[in-house]
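Trainee: I am new to this structure and would like a close look at one part of it rather than a tour of the whole. Could you pick a single starting point and work outwards from there, step by step?

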Amino acid sequence: MRIEKRVAKRAKSGYTYHVKINYVDEYGIKQTYSKSGFETKKEARAHGVEIEHELQTKGVLQKDTLKTLNDCFLESMELEKNSLSRNTIIHYNDVFKNHVKSQRIAQIPINRINYTMLQTHFNQLKTLGKSLVTAQKIIFNRAFRHALKCGYIQNNPMHDIKVSYKERNVETHVLTYDELENAISCFLDMRGNFNKYSYCIATYCGYYLGLRISEILALEKTDFDFENNVVTISKKLESRHLKKSEMYLTENMKTKASKAVLPLPAPLKTILLEWFAFDPYDLVCCDESGDFIHEFAFGRACKKIGNKLGFYFHPHCLRQTYITNIVQSGCDIKTASKLARHSNTQTTLDVYTHTNEEAKKNAINKVFGNIDTKNAPNLKVFN
């Protein structure tokens, strides 16, 4: 360590002190650390001792930075934009803009943020819903992971953060087969002949294949192989915050496991063969002009029907029902996870635990695989 005295007109004494330390980094490359502006030699030496201690204990130096949590999050999103789906990017950016960006903790240098500050911030979020709190935690984690990679910090304080949130009053509802058919009947009572049939088909695809709504609305006739009784899931509809004219298909799925070839249940095959003979378009679920159906429109229709029938009905209920039915049929969890196209089995188990008691008692008799194909749902109402 070297301490040099330099002339500085703005200093009270007319001098400042400069610290200089030569060292070899973790890659064996010679480096030099230097910092000036100390009023006294004692201050400069104390700082030099601190830096030498950091080098001896950690082997690396934390970079002196003014980068904030906001800066680090935006930098991380820019670097990873090609590996994230458009919906994910929009969701994180919305939460960041509306709930994180203006917070004081997000505007100070990230290397000054400690565990206590973070835990205090998340304690204040306990009145918010699970999805919003979880999204904020992901945003903070992304920022700190990026800062760690860049050398702005030496550890990620988010590892020990505990979060709490307001539980939803509405429980996830697992549909019985009778409830499914009642929902279909309600769709058929809607105005607009072609659209209501498309909604019925979308509902059946969700129930028998467990697809996400964006995947259902992206299905094309060519995805179905009736000879081998399989369906290929390889794309989804980008529709979040987009006008109908701006929607498009993409192969950038939620996870790598989302792309798969699934067995085609016999009841659904019966329904689709009839539908394909009636539907003149390439899209399986579309409007009367052959254009995409917006997921929000289908979601609103499901909500109205659920209110009418007296239970919570959302498009994602169909996927959760599919997963629950598969597990309750006796299928091992690993196979169930493959059919659900989850990236890990724990996600499948987490969904299954939402099952209500009534569904547990009746599911084994309601699983679509046990339905006699001779008595498969008949939609001979197309005209």
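Mentor: Let us start with Phe 224, which has a relative accessible area of 8% and therefore counts as buried, the limit for that word being under 20%. Please keep in mind throughout that this is a predicted model.

The sheet in this part is open and has three strands, arranged in the order S4-S5-S8 with antiparallel pairing. Strand S4 (224–225) and strand S8 (260–263) stand at its edges, and each has a single partner strand, so one side of each has no neighbour in the sheet. As general background, strands of a sheet pair through backbone hydrogen bonds, in either a parallel or an antiparallel sense. Here strand S5, which covers residues 230–233, is joined to S8 by four bridges in the antiparallel sense, and Val 231 has Leu 262 of S8 as its bridge partner.

Next come the rings, for the structure holds 17 aromatic pairs. One of them is formed by Tyr 207 and Tyr 208, which meet edge-to-face, with 5.1 Å from centre to centre and 90° between the planes. Tyr 207 is buried, at a relative accessible area of 0%, and Tyr 208 is buried as well, at 1%. Our starting residue, Phe 224, is paired with Phe 226: their ring centres are 6.2 Å apart and their planes stand at 25°, so this pair is stacked, because planes under 30 degrees apart are counted in that way. Elsewhere, ring pairs link Phe 194, Tyr 197, Trp 275, Phe 278 and Tyr 281 into a cluster.

From the rings we can turn to the charged side chains around helix H8, which spans residues 213–216 and includes Glu 215. Although its side chain takes part in a salt bridge with Arg 341, at 2.8 Å from N to O, this link does not join sequence neighbours: Arg 341 lies in the loop between helix H12 (333–340) and helix H13 (345–352), whereas Glu 215 is in helix H8, so the pair ties together parts that are 126 residues apart in sequence. Both Arg 341 and Glu 215 are buried, and for Glu 215 the relative accessible area is 2%. Leaving aside residues up to four places away in sequence, the contacts of Glu 215 are Ile 233, Lys 235, Lys 236, Met 253, Ser 258 and Arg 341.

Lys 235, one of those contacts, has a salt bridge with Glu 220, in which the side chains meet at 3.5 Å, N to O. Glu 220 belongs to the loop between H8 and S4, and Lys 235 to the loop between S5 and strand S6 (236–238), so this bridge ties together parts that are 15 residues apart in sequence. Glu 220 is partly exposed, with a relative accessible area of 24%, while Lys 235 is buried, with 11%.

These two links are among the ten salt bridges that the structure holds. Another, away from our starting point, brings together the side chains of Arg 142 and Glu 80 at 2.7 Å, N to O; since Arg 142 lies in helix H5 (residues 130–150) and Glu 80 in helix H2 (residues 69–80), the pair ties together parts that are 62 residues apart in sequence. Of these partners, Arg 142 is buried, with a relative accessible area of 10%, and Glu 80 is partly exposed, with 27%.

How values were computed: Residues are numbered from 1 along each chain as its sequence is written. This is a predicted model: local features need pLDDT of at least 70, side-chain atom pairs count only at pLDDT 80 or more; totals for chains, interfaces and linings use all residues. Side-chain values use heavy atoms; hydrogens and water are left out. Helices (H or I, at least four residues) and strands (E, at least two) are DSSP runs, numbered from the N terminus. Buried means under 20% relative accessible area, exposed over 50%, partly exposed in between (1.4 Å probe, protein chains only). Contact means heavy atoms within 4.5 Å. Two strands pair if DSSP finds at least two bridges between them. Rings of Phe, Tyr and Trp (its six-membered ring) pair if their centres lie within 6.5 Å; planes under 30 degrees apart count as stacked, over 60 as edge-to-face and the rest as tilted. A salt bridge is a side-chain nitrogen of Lys or Arg within 4 Å of a carboxyl oxygen of Asp or Glu.
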